[in-house]
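Please read the points below with the coordinates open, beginning with the ligand site and then turning to three individual residues.

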Amino acid sequence: MSELFDYIRRWINYDPETEFYYKHFPSLVETAELVLRPMRRADLKSVAAIEQAAYEFPWEPATFRDCFNVGYCCWIGEKAGQIVAYGICSVGAGESHVLNLCVAPHIQGNGYGRIMLEKLMEIAKSYRADSMFLEVRPSNRRAIKLYQQMGFNEIGTRKDYYPARNGREDALIMARTL
Ligand SMILES: CC(C)(COP(=O)(O)OP(=O)(O)OC[C@H]1O[C@@H](n2cnc3c(N)ncnc32)[C@H](O)[C@@H]1OP(=O)(O)O)[C@@H](O)C(=O)NCCC(=O)NCCS
């Protein structure tokens, strides 16, 4: 049923003129504004495709479905109607946990990761979370830099948390108050 609603919503929002310009002048997509909105079931396929492109060890599509079904905060960022980023966090008992934050590879480094993380923090606060936690690979210097800039501090490690080429990789645990 929700897929039917998604279809109707897309049909109502469909703007052939805009679509024409974005198709024939792709550079316009780059300058299009990033629009954030809650994820819909119909987005799951595109989200899983970005995940495959962005991570060496991506989540399975079923993991996204589970996060969506369980009611975690799942948001996407789109430009010119194309999904280019997503962020997922859980909130409960005054704490929030970033489960995934990702920007499509071709568009990384433009400030969208920061915008998505700010959104997750705003949502977590609105659900009365007073702290936010996340795990990150020590090898993911780009993400660590973003988290540090956003006020996250390293508070510990989780041994052998991630799969890695040579076995497992520890996770850094980072946190900040909201
Ligand atoms: C990590 C990620 C979400 C950051 O999003 P992004 O849109 O690329 O990053 P932003 O443009 O918002 O940059 C924010 C900050 O990240 C850091 N950063 C971004 N690109 C960087 C690069 N190439 N090298 C080093 N630091 C970089 C910088 O600190 C930057 O702030 P600054 O521009 O003021 O210096 C994105 O790169 C990504 O999706 N990576 C793959 C998935 C992933 O690793 N997710 C995190 C899992 S914990």
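The numbered points that follow take up the ligand first and single residues afterwards.

1. The model is predicted, and the remarks below should be read with that in mind. Residues are numbered from 1 along each chain, which is the numbering used throughout this note.

2. The ligand occupies the largest pocket. Strand 4 (95–103), helix 6 (112–126), strand 5 (131–136) and helix 7 (141–149) are the elements that each give two or more residues to the shell around the ligand. Among these elements, helix 7 provides the largest share of the shell, with 6 residues.

3. The shell consists of 20 residues, of which Leu101, Val103, Gly109, Gly111 and Asn140 come nearest to the ligand. Sorted by class, the residues around the ligand comprise 9 nonpolar, 7 polar and 4 charged ones.

4. Which atoms of Asn110 and Gly113 approach oxygen atoms of the ligand? For Asn110, a polar backbone atom is 3.1 Å from an oxygen atom of the ligand, and for Gly113, a backbone N or O atom lies 2.8 Å from an oxygen atom of the ligand. Arg142 instead contributes a polar side-chain atom, which lies 2.9 Å from a nitrogen atom of the ligand. As for overall cover, the ligand on its own has 920 Å² of accessible area, and the protein covers 76% of it.

5. Ile144 is placed in helix 7, the element that gives the largest share of the shell around the ligand. Is Ile144 buried or exposed? Its relative accessible area is 3%, and Ile144 is therefore buried, the limit being under 20%. Along the sequence Ile144 and Leu172 are 28 residues apart, while their C-alpha atoms are 9.1 Å apart in space.

6. Arg37 belongs to strand 1 (residues 34–38). Because its relative accessibility is 11%, Arg37 counts as buried. The side chain of this buried arginine makes a polar contact with the side chain of Asp43, at 2.8 Å, and a reader examining Arg37 may wish to display both side chains together.

7. Gln52 is found in helix 4 (residues 44–54). With a relative accessibility of 48%, Gln52 counts as partly exposed, because the value falls between the 20% that bounds buried residues and the 50% above which a residue is exposed. The C-alpha atom of Gln52 is separated by 9.8 Å from that of Ala104, although the two residues are 52 residues apart along the chain.

Notes:
This is a predicted model: local features need pLDDT of at least 70, side-chain atom pairs count only at pLDDT 80 or more; totals for chains, interfaces and linings use all residues. Side-chain values use heavy atoms; hydrogens and water are left out. A residue is near a molecule or strand if one of its heavy atoms lies within 4 Å of it. A polar contact is a pair of N or O atoms within 3.5 Å; within protein, one must be able to donate a hydrogen and the other to accept it, and residues adjacent in sequence count only if both atoms are side-chain atoms. Accessible areas come from the Shrake-Rupley method with a 1.4 Å probe; for residues, only the protein chains shown count as cover. On a 1 Å grid over the protein atoms alone, a cavity is a set of points where a 1.4 Å probe fits but cannot get out, and a pocket is an open set with protein on both sides within 12 Å along at least five of seven lines; lining residues have an atom within 4 Å of a point. A molecule sits in a cavity or pocket if more than half of its atoms lie within 2 Å of its grid points. Helices (H or I, at least four residues) and strands (E, at least two) are DSSP runs, numbered from the N terminus. Ala, Val, Leu, Ile, Met, Phe, Trp, Tyr, Cys and Pro count as nonpolar, Asp, Glu, Lys and Arg as charged, and the others, Gly among them, as polar. Buried means under 20% relative accessible area, exposed over 50%, partly exposed in between (1.4 Å probe, protein chains only).
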